[in-house]
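Please open the structure in the viewer and keep the sequence panel visible. The tour proceeds by selecting one item at a time.

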Amino acid sequence: MVAEKLDSLASEFTSLAKHIERVKRLLHYASLLSVLEAAEQVPENRMAGCATEVWVVAEVDEWRRMRYG
């Protein structure tokens with residue numbers, strides 16, 4: 001199920017012809033996430049290579065669904 005969702009997400013971004021469309025879609029998805037607590041904003045969670053400071057935390061819940069923050 002996770003693989004299918006990732007494939008769908010990859011297809012969604014691939015279908016966007018312009019770079020700016022991909023950026024807008026990514027920012028849209030990012031706006032849906034909650035803000036991470038300061039304790040989670042550690043080097044291990046920081047996205048290397050981003051021009052801005054971006055942290056991502058992924059967890060798998062009891063139903064094996066992946067959650068991001």
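Is Val56 buried, partly exposed or exposed? Select Val56 in this predicted model. Its relative accessibility is 33%, so Val56 counts as partly exposed. Val56 belongs to the loop that runs between helix H2 (19-31) and strand E1 (58-60). Next, add Asn45 to the selection: Asn45 and Val56 are 11 residues apart along the chain, and their C-alpha atoms are separated by 5.4 Å.

Now display the whole chain as a cartoon. The chain contains 2 helices and 2 strands, and their order along the sequence is α-α-β-β.

Next, select Arg25 and Glu12 and show their side chains. These two residues form a salt bridge, in which the closest N and O atoms are 2.4 Å apart. Glu12 lies in helix H1 (residues 2-15) and Arg25 in helix H2, so the pair ties together parts that are 13 residues apart in sequence. A search of the whole structure finds 1 salt bridge. Keep Arg25 selected and consider its surroundings: with 28% relative accessibility, Arg25 counts as partly exposed.

Finally, clear the selection and turn on the surface of the chain. The accessible surface comes to about 6000 Å², and carbon and sulfur atoms account for 59% of that area. How much of the chain do buried residues make up? Of the 69 residues in the chain, 10% are buried. As for contacts between residues at least 6 apart in sequence, 9% join residues at least 24 apart.

Technical notes: Residues numbered from 1 in each chain as written. Predicted model: local features only at pLDDT ≥ 70, side-chain atom pairs only at ≥ 80, totals over all residues. Heavy atoms only, no water. Helix = DSSP H or I, 4+ residues; strand = E, 2+ residues; numbered from the N terminus. Buried < 20%, exposed > 50% of the residue type's maximum accessible area, 1.4 Å probe, protein only. Contact = heavy atoms within 4.5 Å. Areas by Shrake-Rupley, 256 points an atom, 1.4 Å probe, with all protein chains shown as cover. Salt bridge = Lys/Arg side-chain N within 4 Å of Asp/Glu carboxyl O.
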